[in-house]
Amino acid sequence: DMGGHDTYMHKEISEQPDAVDRVLRGRIDDRFSTVHLGGLNLDAREARGIRRVKILGCGTSYHAGLIGAGLIESLARIPADSEPASEFRYRNPVVDPDTLYIAVSQSGETYDVLAAVQELKRKGARVLGVVNVVGSAIARETDGGVYVHAGPEVCVVSTKCFTNTVVAFALLALHLGRIRDLSVADGKRIIEGLRRLPSQISEVLESEDEIKKLAAEYADAKSMMFIGRVRGYPVALEASLKLKEISYIHAEAYPASELKHGPLALIEPALPTVAIVPDDELLEKNRAALEEIKARSGRILAVAHQEQEKADHTILVPKNEDELDPILMGIPLQLLAYHTALALGRDIDKPRNLAKSVTVE
Ligand code: F6R
């Protein structure tokens, strides 16, 4: 049942305020400015002993893991990174007892992720899951974890589950942070930011008509560039994947700082750039990248907290705490991919060559 929407993708994008509300519900502890994660199965002493965090997932879940790693580094000050699960399992990784491994999966059935979990467990590692489907294979094989509570996701490409996974990582990062060195004041600041998300997501969804018009302007592109810096880079990666999957327009994502090391050669009017430009300590750096693109007559669509002078168009999103901004900045780009695919007449819920869960190697 699409509940009045033309596609499951549109329905699932629209459900995000409620979905985020669900992942937060019952978990916030205002008294200690932290969160409770019932199924984590990691006590405070163990949490203090973690030296590194390694996040593993595929596709969109890998991208959510990249944002998750950033959240864990900034809130819990534990070195963290995310890697495609398949790459990890094929390179005979060093499995380290002081590293916390986290498997991320919407379906909980992705074979490459499951195989990585099984190999890690066999070697005695502690592996947690950040999973949507309750009781799925990955949820069962992990030692504990955080359920994402996005509800069933039918469209082949992931939207609400991506957003909820990132929020689940914010909760985990806050929890680990408050056991380690995150102050009460910062805990409070993040909790207040998390609570603002559902209504701010609704606000972003209200700009759908404007995004639809922009999609029509850019739908003739043969290829698109997505750029972001630090927190913005995984947002660019995910937006680029979404556009490719459902519109079949070629897209790639680069860290903004890497432009000058090669891809700047591609910039011309026929290759538009989507730039993630949050109002944070990197704003001036990001503006400089826009200038470099403009100097080569590149068209720019910015996703930002304030109008960008160098951009041809700016999609404005509400500001949250710097750490949580990536969550909101991804949402208009789901709509951009959606409306681009719609303008091109694509089969949005069932893109060619793709399956909802990849249970083969
Ligand atoms: C992208 C998409 C895929 C999945 C990937 C992992 O929109 O849906 O990239 O994210 O196949 O799937 P899960 O999260 O079920 O392990």
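This is a short walk through two parts of the structure: the surroundings of one glutamine, and then a sheet with a helix across it. Keep in mind that the model is predicted.

Let's start with Gln106. You'll find this residue in the loop that links strand S5 (99–105) to helix H6 (111–122). Is Gln106 buried or exposed? Its relative accessibility is 13%, and the cut-off for buried is under 20%, so Gln106 counts as buried.

Who keeps Gln106 company? Setting aside neighbours within four places in sequence, Gln106 is in contact with Ser61, Val131, Asn132, Val133, Glu153, Cys161 and Lys356. With one of these, Asn132, there is a side-chain link too: a polar contact of 3.2 Å joins the side chains of Gln106 and Asn132. If you'd like a distance to check in your viewer, try His149, which sits 43 residues from Gln106 along the chain, with 9.9 Å between the two C-alpha atoms.

Now over to the sheet. Five strands make up an open sheet, and going across it you meet them in the order S9-S8-S10-S11-S12, with parallel pairing. At the edges are strand S9 (250–255) and strand S12 (313–316), each of which pairs on one side only. From one strand to the next, the twist averages 20°.

Zoom in on one pair of strands: S10 (residues 273–277) and S11 (residues 300–304) run parallel to each other and are paired over five bridges. Within this region, Thr273 stands opposite Ile300 in S11.

Finally, look at what lies across the sheet. Helix H11 (residues 232–247) lies across S9, S10 and strand S8 (223–228), and runs at about 175° to S9.

Note on methods:
Residues are numbered from 1 along each chain as its sequence is written. This is a predicted model: local features need pLDDT of at least 70, side-chain atom pairs count only at pLDDT 80 or more; totals for chains, interfaces and linings use all residues. Side-chain values use heavy atoms; hydrogens and water are left out. Helices (H or I, at least four residues) and strands (E, at least two) are DSSP runs, numbered from the N terminus. Buried means under 20% relative accessible area, exposed over 50%, partly exposed in between (1.4 Å probe, protein chains only). Contact means heavy atoms within 4.5 Å. A polar contact is a pair of N or O atoms within 3.5 Å; within protein, one must be able to donate a hydrogen and the other to accept it, and residues adjacent in sequence count only if both atoms are side-chain atoms. Two strands pair if DSSP finds at least two bridges between them. Axes are lines fitted to C-alpha atoms, for helices over the stretch in contact, and angles run from 0 to 180 degrees between N-to-C directions.
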